Structure formats: structure tokens, C-alpha cells
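This report concerns the nonpolar packing and one of the strand arrangements of the model shown below. The description starts from a single residue and proceeds outward.

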Amino acid sequence: MEPALEARLDELVRRRDELSKALSGGALSSGDFVKSSKEYSELSPIVGGIEELRRAQSELAAAEEMAKTDGDPELKALAEEEIQSLRERLPELELEVKTALLPKDEDDERNAILEVRAGTGGEEAALFAAELFRMYQRYAAVKGWRFELLDLSETGLGGFKEAAASIAGRNVFARLKFESGVHRVQRVPETEASGRVHTSAATVAVLPEAEEVDIQIDDKDLRIDVYRSSGPGGQSVNTTDSAVRITHLPTGLVVIQQDEKSQHKNKARALKVLRARLYEMERQARAAARAADRKSQVGSGDRSERIRTYNFPQGRVTDHRINLTLYKIDKILSGEALDEVVDALSTADRAQKLAMAAA
């Protein structure tokens, strides 16, 4: 391993030990204690990996020495067997340590705002958008996350023109951030008499949920309109002007909320979505500045690109960014097997970051 990397590992171990002593000493203020505890909890698994790597390196050196000096053929054979095992294991341990040292996405631990919109394909696209939205709802249930509906615009046949939800829980954005993009479906619509396969699409956006401290919104930059909510078919949802439309004048972003009967609740939800969209704009600008002319294959956030195809006749789901194909469309749409796709995307992202770090 490179001397510079070894020095970095030494520094991390030293820092973990410093924090351990400080936390057990009882001299920290409550604020410093919380800050140090967080740093300690983040460092502990990394240092654990470093210690495991160094144990394996030490065991390899001892086994190699034994193989050179021991005259007992049986012990020498055991030593050579251990050498072989450790040499196979060491690259995996080194990779785990290097991966743990990669800079983390500061938004990974955040909650997320999920937005799904029907794209090309008319009613079939709206039905697919509804299926995608329910897939994420079921996936949230599998992960033990809280899934709160923010907005829903239905068609008369059970499809969704657009739908939005707030998802709260552990590492929500880290697990869902690669879902942003165009999802394509290929299947025979129920209304298709000839049995011809149609292609439709829906757009998914996953935004890290922003706090008020992240994005300051000036009241003078907002135009707030209130009006009466209406449901599918023009039926009145309620008889008060509770629906809220907020326009952010500097950017032209518009957010509409009408699901709640309370104007106050709809306004609060609209501001939550607006804050997330503004934060995402800033995040994308920062990412573009860092990447300069380099475009990441995974997680670029470019929602114009087709990222995944759901082919019903063949029962397959293909993620085009990593050329992954799984023949378990039902389990993926039920949320049960979506982790397999998410894990593969996360692994590809880490591999790419490692390659860029080594370049």
C-alpha cells in the first residue's frame, strides 16, 4: 500500500483513539460531546476495517516467515496454505478500506421528496406512473421508512398524471438518489385490441429534503395564490379556498398543493417541496462545478436520460447505466427486489469514484 495512504490510515486510527479518550474523560461540553460522538461513530467502522487489514498483513508476514524457517513439512504446508488464503483476502480488505475513505455525499442521510410524472404515452404512461409510485411506497414499507403523500393528480382510469411524497427514514436519499430519470415501460395496454406492445414513459425525481437552515426563502420572492381544490372529474374536494400555488419569482419554480383541507397545511407542504427543489438546483450546480467537463455514468441527475426499461412481455427490468438485467419484474415493482438494483447502482458508483480517485 502507498506510503501516503498508510500515513492517512495512521492518522485516522490516532484520531479515533483521541476521541475515545475525550469522550470517556467527561470534560467535554454538551455541544462538543455531541459533535465528538458523531465523529467517533463515523470513524469507528473505518478504523475497524483498517485494524482488520493490518491484522491480516501481520498474519501474512508471520506465515511467510514460518514457511521460510520452519523445518517441519506439515507446519510449512499449513503456513503456505495460510499465505494463499491471506493473499486472496488482502485485496478485498484493501478495497473495503479505500472505499470507506471515499468522500461521502453530504446528502446521503437526508430524507427525500419523491416526484413521479407521467411522460409520453397518454393514459398508459399515467398507469405506469401510478405503478412506479406504488413501487416506491412498497419499498419504503420494506425499509421501514415513513411515506407521506404530498400531492396526487389522478386520471379517471386509475393512472397518475403526477404524484409526490415525502419519505423519511435512515439513508433514504442514499438509497433512492439513483432513481432520478426517465423510466420506460414496454407492454400491451389493456385497451390495445391487437395485442401490440406499446412503449410509454414516466419521469422520477428524487430530491434531498432541505431544512430551513439550508435554503433561506425571502417572502418577497414568493407569489402565493389560493383557490378552491378540485378532484378528478371536477368534483369539489372542499368548499374553501384551501389549495395553494406558490411561485418562486427568481427561478420561476411553481409548486401546487391541494391534498389537505387546511390552507395552512397546504402552504407548509408547498414550501417543503419548493425548498427541496431549490436545494436540488444548488446541489446540481455544485456537482456540475466539481465535475467540470466530466459526466458521471451513475447518478448524474440528468432526468432527460432514459435510465431503466421495464419489459412486461419478457418479465425483465434493465438498468441501462450499468447494463444490469433482472428477470423479476413483479418482485421489483412490489418493492421486494428493488434493493438488488439499488445495490448494483451503489456498487458501480463506488467503483467509479475509486477509479477517479486513483487517476
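## Nonpolar cores and an open sheet

In this predicted model, Leu-114 touches Phe-133, Tyr-136, Phe-147, Ala-163, Ala-164, Ala-165, Ile-167, Val-204, Ala-205 and Val-206, leaving aside residues up to four places away in sequence. Leu-114 is also among the residues with the most contacts inside the largest nonpolar core, together with Leu-132 and Tyr-310. That core has 38 residues. The elements that each supply at least two residues of the core are tabulated here.

| Element | Residues | 
|---|---|
| Strand S1 | 112-118 |
| Helix H4 | 122-143 |
| Strand S3 | 160-168 |
| Helix H5 | 172-176 |
| Strand S5 | 198-208 |
| Strand S11 | 324-326 |
| Helix H7 | 329-333 |
| Helix H8 | 338-358 |

Of these elements, H4 provides the largest share of the core, with 9 residues. A second core, separate from this one, comprises 21 residues, including Ile-50, Ala-56, Leu-60 and Leu-93. In soluble globular proteins, nonpolar side chains tend to be buried together.

The model also contains an open sheet of 3 strands, arranged in the order S6-S7-S8 with antiparallel pairing. Its edge strands, S6 (222-227) and S8 (253-257), each pair on one side only. Neighbouring strands of the sheet are turned against each other by 15° on average, with direction ignored. Strand S7 (residues 243-248) pairs with S8 in the antiparallel sense over 5 bridges. Thr-247 has Val-254 in S8 as its bridge partner.

Conventions. Residues are numbered from 1 along each chain as its sequence is written. This is a predicted model: local features need pLDDT of at least 70, side-chain atom pairs count only at pLDDT 80 or more; totals for chains, interfaces and linings use all residues. Side-chain values use heavy atoms; hydrogens and water are left out. Two strands pair if DSSP finds at least two bridges between them. Helices (H or I, at least four residues) and strands (E, at least two) are DSSP runs, numbered from the N terminus. Axes are lines fitted to C-alpha atoms, for helices over the stretch in contact, and angles run from 0 to 180 degrees between N-to-C directions. A nonpolar core is a set of buried Ala, Val, Leu, Ile, Met, Phe, Trp, Tyr and Cys residues joined through side-chain atoms within 4.5 Å. Buried means under 20% relative accessible area, exposed over 50%, partly exposed in between (1.4 Å probe, protein chains only). Contact means heavy atoms within 4.5 Å.
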